[in-house]
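Me: Could you walk me through how to read a few features of a protein model? I'd like the general idea and then the actual case.

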Amino acid sequence: MTTGSTAPSDPLTGSTCDTAATTETTAVATDLTTSVVICAYTVLRWPDLVHAVASVFSQSRPPDQIVVVIDHSPALLQRALDEWAHAGVSVVASRYDRGLSGARNTGIEVATGDVVLFLDDDAVAERDWVDRLVSAYADPRVLGVGGRVRPRWAGGRPAWFPREFDWVVGCSYRGLPVARSEIRNFIGANMSFRRDALTAAGGFRHELGRIGTVPSGCEETELCIRVHGQSVDGVLLYEPAAEVWHSVPSQRGTWSYFRSRCYAEGVSKAQVSGMVGARRGLSSELRYVLFTITSGIVTSLGRVALGRGSGVARALAMVVGLAATSRGYLAGRARSLRLSAALPDLLTATRRERLALLARVGAVPAAIVLWLASLGRIDLGQMGDLGLVPLLPITFWAALAVLLVSFCVQVLRPRSRTSVLVGHVLLLIAILHATPSILYGTLRYSWAWKHVGVTDFFMRHAGVDRSLRELSAYQYWPGFFTTNAMISKLAGLRGAEGYAIWAPPFFNALLLGPLFLIFSTFTRDRRLVWAAIGIFFLGSWVGQDYFAPQACCYFLFLTIVAVCIRYVRSSRPTSRALVPDTSVAPDRGQPLVLGAVVLMMAAIVPTHQLTPLVLIGALVVLALLCRQRRLALPLLLLVGITAAWNLLFAWPWLSQNLADIGSSFGQLGANANSGFINLATASRGQVLVAQMDRLLSVAVVALALVGFARHFRTRREVALPLLALTPVPLLFTSDYDGEMIFRIYLFGLPFAAFYAAAAFLPRETAGRNWWARVSLPLVMLLLVPGFAFSYYGKEEVNYFSPQELQAAELVYGIAPEGSQIVSATSDFPWGFTNYEMYDYERFALEDPRTRQQVLADPVGTLGDMMRLQSHHHSYLVLTRAQRFDVEMTGIMPPGSLDHIAQALLRSPDFVLLYQSPDAVVITRVGPTTEASS
């Protein structure tokens, strides 16, 4: 019987090698001689230099030579000679012009070792540093080895300073490998090379690198690229186990240094790209931006959403750093290349060329910087009758203006990249919809809190509970909530609140895909496609993008329509064909596509009551009126699934509410007006908000009519106008709790936006169009105020302060099961926590007579409402958002809730449990309460 042994693996490829080979390569590494080069330039860092040299002396594998190069500082040179001349250290003066590159080249010339190791004068090496670096040279392919550089902050790391940008202070950053790996270039404070490779490459370039305190660099990057390029199979290794500690003085933890160092890095990267080519010079940087920076921003903002610290400043720092680096790179390229033919020289370019250049490369970073800079200047405590609108600083509006003008320029350019247009739209979505999420730090909108509560219910229960009176409809259409309950459980989350805060930007970003498919199916003019997408997002003010079944089903609705009109077609063209022939073969993959459509239909039906009806209307238009016969089968399946669900599962709820549904059937005028605010009683600010959202809606529809008149003149284009009108018949059926008119606008908006864009681009030509160049950006800019007032104008009610959050948490923390919770409206956070355990009363939503009774006799009326014979505990919750709600809509006079709270607190029957400027919690006391306590 023989025993086996496992051969060690190759450090580069992971393949095994035999023991004899390993012994031989280890001996080669052991026999290599070493020289450590430390460059210094100022007496001010003498203590750091002493510590650096001492750390080299104390190595477990002492180097064969230590070289200290003094860069044009006679006083420092003399002091170093006095200190180490008799200790075997080679102290020499730089032989070249002032600068780090010249000093390092001097060190290379003086070095005698087979391997030259570089250590900064303000860095301290770990005891095994030399051994860790040199051991990697056992493989003859290795030309250089770099190690990890850890920061030692003099005053502690600033809270805003992201680890992804530790390269700013010369240290290893998040995104570098965590194990021995190949790498493009090293960090200068901790690197080594074979001396013959350095000599063959010619050393460091003198036109690159730091000179004194000037924060430039990248000489290591350029050298590593040259060294690597000299050998076909040579490699450069990053060994994170070889560590040094780099001193970071407090002045390097400031915003001014951060920005200037990022800018200088960009200039240096431009110089390197000019020397070695942009492909090699920016290969690592592209991955860094796409993955490391993007992940860092999302993680930082995600921590805010989960309540695990403030990550807004770190996210802002990453965006500012990226923008400053990009600006430096552009400036460097402009100087080094003079922008040649592809990029006109900024010094000689015409005004038009400069504007075009700015729109192409500078608008998006500028918009990001302006947007993020505006967030820190918004004081939510000053919010008034117009919501967020008056609080948004000029930089916020400037960010939107810069972005939209740039977007229009890109749309009208004949060769704009799709990725550039997508980036503009995603940034527009972020500015419009992520701003409240970032500012508030808590979930926005009371209905979003309700849906979090319903999701929590399904996380705690195995099935539906049809006995519930509160939010009973969700027990009959539970698809959205059960899915999110499953997601939360699989992710190990306590609930959906942590990610629900990001629902608006998430759902809006999802819509980009189906919108692009729909629009590009009806035109080959990509200008029209992207202009329509921009108008859609500026016109989508209804606010059905929060954490809700409607937002999810709206995406599925548009996706089904997009798939049907693009991929499911009759094989024989007709006079009413949807679109001209495209590259998609009508028969290829049809069963798979139809299967996907049916699955999405099956997801919509148990999730939302209204969306299946609109989808049925859309499929009727496509299958019958547009003669797309292959859609007849999905249409019949959708009708069957909807009917089966409503009759077999949801019928108990429908039968109980048939009277309410029937009472509004055919009442066109009442259904159309039920959702609008009463302008006679509403506050002055809310009247303006209501007028602005109506004006915005009318503007989009008017543009659509102009576009229809100018663009669609043949019968083959009949599908889009019919799809835009499909939801209108629903206005005859019900008021949908006052929201039907808004849902009709929402479902018709995508198709209306296409027509609205056609008002500027009536012909499918890529030529110059002065009308579009002038009118498109102007109209988009004019749509911004309409969107802002309509979408942000009710934030007094949608925003919940930390004090409101505390009040709600207190109530649900102490209220036993079976308690009664009374409020003016449902506008308070966590409003439906464990909602199956409590009974709810909202006195401001009752009939006007009840409201008048509450105002006339708060103690008597609310005392009867909260009588302890009905509930063993009763709690009244009044919040800032409720106060704004009743006053903005005019259902109660200003100061009503404060008057009610004061009256109750003067009565011995009520006790104050919590009070703050934004919330008050009062409980009813009596014999039952006293006995229970």
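Reply: We'll take a helix, the cysteines and a sheet in turn, keeping in mind that this is a predicted model.

Me: Let's start with helix 2: how many residues does it have, and what span does it reach?

Reply: Helix 2 covers residues 46–57, so 12 residues by the DSSP runs. From first C-alpha to last it reaches 17 Å, close to the 16 Å expected at 1.5 Å a residue.

Me: Which residues of helix 2 are buried?

Reply: The general idea helps here: an α-helix has 3.6 residues a turn, so residues three or four places apart point the same way. In helix 2 the buried ones are Trp46, Leu49, Ala52, Val53, Ser55 and Val56.

Me: And what do the buried residues of helix 2 pack against?

Reply: Their partners are strand 1 (34–40), strand 2 (65–70), helix 3 (74–84), strand 4 (115–120) and strand 5 (123–125).

Me: On to cysteines. How many disulfides does the count come to?

Reply: A disulfide is a covalent bond between the sulfur atoms of two cysteines. Here the count comes to 0 disulfides. Take Cys552: its closest cysteine sulfur, in Cys553, is 5.3 Å away, which is too far for a bond because the cut-off is 2.5 Å.

Me: Is Cys552 buried or partly exposed? What about Cys39?

Reply: Cys552 counts as partly exposed, at 24% relative accessibility. Cys39 is buried, with a relative accessible area of 10%.

Me: Now a sheet. What is the order of the strands in the open one with 5 strands?

Reply: Strands of a sheet pair through backbone hydrogen bonds, either parallel or antiparallel. In this sheet the order is 11-10-12-14-13, and the pairing is mixed. Strand 11 (839–842) and strand 13 are the edges, each pairing on one side only. On average, neighbouring strands are turned by 20° against each other, direction ignored.

Me: Where do I find a parallel pair?

Reply: Look at strand 10 (residues 820–823) and strand 12 (residues 874–879), which run parallel and are joined by 4 bridges. One bridge partner to pick out is Ser874 in strand 12, for Gln820. Helix 33 (residues 858–865) packs on the sheet, touching strands 10, 11, 12, 13 and 14, and its direction makes about 100° with that of strand 13. Helix 34 (residues 880–889) also packs there, touching strand 10 and strand 12, at about 70° to the direction of strand 12.

Me: In which sense do strand 13 and strand 14 pair?

Reply: Strand 13 (residues 910–916) and strand 14 (residues 919–924) are antiparallel, over 6 bridges. Val911 stands opposite Thr923 in strand 14, and a hairpin joins the two strands through 2 residues.

Key:
Residues are numbered from 1 along each chain as its sequence is written. This is a predicted model: local features need pLDDT of at least 70, side-chain atom pairs count only at pLDDT 80 or more; totals for chains, interfaces and linings use all residues. Side-chain values use heavy atoms; hydrogens and water are left out. The expected span of a helix is 1.5 Å times one less than its number of residues. Buried means under 20% relative accessible area, exposed over 50%, partly exposed in between (1.4 Å probe, protein chains only). Contact means heavy atoms within 4.5 Å. Two strands pair if DSSP finds at least two bridges between them. Axes are lines fitted to C-alpha atoms, for helices over the stretch in contact, and angles run from 0 to 180 degrees between N-to-C directions.
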